[in-house]
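Please open the model in your viewer and keep the selection tool at hand. The stops below say what to select next and what is there.

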Amino acid sequence: MTGEEIAEERRSLHGYLVCIDRSICVGFEDCATEMPGAFRLDDEGIATFDAPESVDATILLGACAACPVDAIRVLDGDGRQIVP
Ligand code: SF4
């Protein structure tokens, strides 16, 4: 596994590509608490995916936008960044 794979987790969800930059995340947990279900903190206190397939797109995008340090990026189907 490369450093890049460890630092960034990506998943395709609801037609978006959601990327967590784990090297930026500082564990404030806003993404997990403001819109629960999409993200959680792992054993290191860094954000990871929880069950994002189970939340609707509005909640998912809200959770992504809640990050105060812009550790979560969202690209739309055309590759345009819509969050942050
Ligand atoms: S809100 Fe941002 S900094 Fe806080 S846990 Fe989520 S990704 Fe990390």
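Two strands are said to pair if DSSP finds at least two bridges between them, and helices (H or I, at least four residues) and strands (E, at least two) are DSSP runs, numbered from the N terminus. The model is predicted, so that local features need pLDDT of at least 70 and side-chain atom pairs count only at pLDDT 80 or more, while totals for chains, interfaces and linings use all residues. Residues are numbered from 1 along each chain as its sequence is written.

**The hairpin and its neighbour**

Select strand S1 (residues 8-13) together with S2 (residues 16-21); the two pair in the antiparallel sense over six bridges, and Ser 12 stands opposite Leu 17 in S2. Two residues lie between the strands of this hairpin, in which His 14 takes a positive phi near 50°.

Add strand S5 (residues 72-75), which runs antiparallel to S2 and is joined to S2 by four bridges; in S5, Arg 73 is the bridge partner of Cys 19.

Which residues of S2 form the covered face, and which the uncovered one? Tyr 16, Val 18 and Ile 20 are on the covered face, whereas Leu 17, Cys 19 and Asp 21 are on the uncovered one. In a regular strand the side chains alternate between the two faces of the sheet.

**Helix H3 and the core**

Next select helix H3 (57-65), where Leu 60, Leu 61, Ala 63 and Cys 64 are buried (20 or more other C-beta atoms within 10 Å of the residue's own; exposed means 12 or fewer, partly exposed in between, with C-beta atoms placed from the backbone). Seen down the axis of H3, these buried residues fall within an arc of 160° (the arc of the directions from the helix axis to the C-beta atoms), so they line one face of the helix. They pack against S1, S2, helix H2 (30-33), strand S3 (39-41), S5 and strand S6 (81-83).

The largest nonpolar core (a set of buried Ala, Val, Leu, Ile, Met, Phe, Trp, Tyr and Cys residues joined through C-beta atoms within 7 Å) has 17 residues, of which Cys 31, Ala 47, Leu 60, Ala 63, Cys 64, Ala 71 and Ile 72 touch the most other members. The largest share of this core, four residues, comes from H3.

Now select Cys 31, which is found in helix H2 and is buried, with 25 other C-beta atoms within 10 Å. Not counting residues up to four places away in sequence, Cys 31 is in contact (C-beta atoms, placed from the backbone, within 7 Å) with Phe 39, Ala 47, Ala 63, Cys 64, Ala 66, Cys 67 and Ile 72.

**The ligand**

Show the ligand and the 14 residues around it, among which Cys 25, Phe 28, Cys 31, Ala 47 and Cys 67 come nearest (a residue is near if its C-beta atom, placed from the backbone, lies within 6 Å).

**Backbone details**

Most residues other than glycine have a negative phi, and most peptide bonds are trans. Glu 29, in the loop between S2 and H2, has a positive phi of about 80° although it is not a glycine, and this residue is partly exposed, with 16 other C-beta atoms within 10 Å. Asp 70, in the loop between H3 and S5, has a positive phi near 55° and counts as exposed, with 12 C-beta neighbours inside 10 Å. Finish at Pro 84, in the segment after S6, where the peptide bond from Val 83 to Pro 84 is cis, with omega near -5°.

How values were computed:
Two residues are in contact if their C-beta atoms, placed from the backbone, lie within 7 Å.
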